[in-house]
Amino acid sequence: MKKNKGVYWFAIGLLLVAINIVMDTGVGYTGYAISQGMSLKDFAYVESFQAISSANFTIDIFFDPLGYLMMIIGLTKINRESRYARNAVVFCLVGMITSSCQMFLPFIMSPDQAVKMIIILLLLEIFSRAVILYSVAVLCAKQVDSYKHMEVGKDLKFAAELYTICMVISIILSFFARAQLFLANAALLFTSGCTLFAAIYYVFKVIKFNNKLSLFNDVTKEI
């Protein structure tokens, strides 16, 4: 039986989204640099912005919107009729939009507006990723006997929950790290490592279960 290649598209897309290696373009945002005579309020907003972003325009080498697009392609190849796959596709689109907006908002907004909006977009993107991972976990679990292969849903849901929790904690820790609080940078590094581990673990398990149990080869199965 021919293997369904959609899983590999989804897996590569998830890794592109999960791995963040940013390149500083050197193009600065107007009004986002700390300067003398700046009010305490403006200083707080600029510091907050730099905690979750950068003073300059940066580009993620592993372009997130491309990762979301690859996940969409993978999900449609897996089974476009599944409600779980459709839910994941919708939130891939949400993630694509939110990740794109975060790059360009500082060009059109002041620091105080941008900080509030980017935090909202970050939380929305994290929620979107959680829905994507959980939906695919349920989709995989429904392909097998839940008693014989309960590890399918269990392992994938564990990775999805760990990934989501670590993402939220990383945002919180980024503010403490910016303030140079004790061990904040080390904690942020550890949490970021756990986030990446969760994504890699999720990808490994999806591919392993698909190869071992042929999860999506029977596209006629009701899911």
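**Figure 1. Arg178 and its salt-bridge partner Glu47 in the predicted model.** Arg178 counts as partly exposed because its relative accessibility is 32%. The model shown here and in the other views is predicted. The side chain of Arg178 meets that of Glu47 in a salt bridge, with an N to O distance of 3.0 Å. Arg178 belongs to helix H6 and Glu47 to helix H2, so the pair ties together parts that are 131 residues apart in sequence. Glu47 has a relative accessible area of 18%, and is therefore buried, the cut-off for that class being under 20%. The bridge thus joins a partly exposed residue, Arg178, to a buried one, Glu47.

**Figure 2. The salt-bridge network of Asp64, Glu125 and Arg129.** Side chains of opposite charge can pair when their charged atoms come close. The structure holds 4 salt bridges, and this view shows a network of such bridges that links Asp64, Glu125 and Arg129. Arg129 takes part in a bridge with Asp64, where the closest N and O atoms are 3.5 Å apart. That pair links distant parts of the chain: Arg129 is in helix H5, Asp64 is in helix H3, and their positions lie 65 residues apart in sequence. Arg129 also forms a salt bridge with Glu125, with 2.9 Å between the closest N and O atoms. Glu125 and Arg129 are 4 residues apart in helix H5, so about one helical turn separates them. The members of the network are buried: Arg129 has a relative accessible area of 7%, Asp64 has 11%, and Glu125 has a relative accessibility of 5%.

**Figure 3. The largest cavity and its lining.** The structure holds 1 cavity of 30 Å³ or more, and the volume of the largest cavity is about 30 Å³. Its lining consists of Leu14, Val17, Met71, Arg129, Ile132, Leu133 and Tyr163. By class, 6 of these residues are nonpolar, none is polar and 1 is charged. The charged one is Arg129, since Arg counts as charged and Arg129 is in the lining. Arg129 also appears in the network with Asp64 and Glu125. Helix H1 (6-18) and helix H5 (111-141) each contribute at least two lining residues. H5 gives the largest share, 3 residues.

**Figure 4. The largest pocket and the elements around it.** The largest pocket holds about 1,200 Å³ of space. Its lining has 33 residues, and Asn20, Val22, Ile52, Ser53 and Leu122 lie nearest the centre of the pocket. At least two lining residues come from each of helix H2 (40-52), strand S2 (56-60), H3, helix H4 (83-108), H5, helix H6 (151-178) and helix H7 (184-213). The lining divides into 18 nonpolar, 11 polar and 4 charged residues. H5 supplies residues to this lining and to the lining of the largest cavity.

**Figure 5. A nonpolar surface patch that includes Leu66.** The patch covers about 590 Å² and is made by Ile21, Met23, Ile59, Ile61, Phe63, Leu66 and Leu69. Leu66 is located in helix H3, which spans residues 64-79. With a relative accessibility of 39%, Leu66 counts as partly exposed. Helix H3 also contains Asp64 of the salt bridge to Arg129, and Asp64 is buried, at a relative accessible area of 11%.

**Figure 6. Met109 in the loop between H4 and H5.** Met109 is partly exposed because its relative accessibility is 23%. The C-alpha atoms of Met109 and Ile12 are 33 Å apart in space, and the two residues are 97 residues apart in sequence.

**Figure 7. The chain as a whole, for orientation.** The protein chain has 7 helices and 2 strands. Along the sequence, the elements follow the pattern α-β-α-β-α-α-α-α-α. Taken along the principal axes, the C-alpha atoms fill a box of roughly 70 × 35 × 25 Å. Of the 223 residues in the chain, 45% are buried.

Key:
Residues are numbered from 1 along each chain as its sequence is written. This is a predicted model: local features need pLDDT of at least 70, side-chain atom pairs count only at pLDDT 80 or more; totals for chains, interfaces and linings use all residues. Side-chain values use heavy atoms; hydrogens and water are left out. Patches are made of residues with over 30% relative accessible area and no salt bridge: like charges are joined within 9 Å, nonpolar side chains (Val, Leu, Ile, Met, Phe, Trp, Tyr) within 5 Å. Accessible areas come from the Shrake-Rupley method with a 1.4 Å probe; for residues, only the protein chains shown count as cover. Buried means under 20% relative accessible area, exposed over 50%, partly exposed in between (1.4 Å probe, protein chains only). On a 1 Å grid over the protein atoms alone, a cavity is a set of points where a 1.4 Å probe fits but cannot get out, and a pocket is an open set with protein on both sides within 12 Å along at least five of seven lines; lining residues have an atom within 4 Å of a point. Grid points are joined across faces, edges and corners, and a volume is the space filled by probe spheres set on the points.
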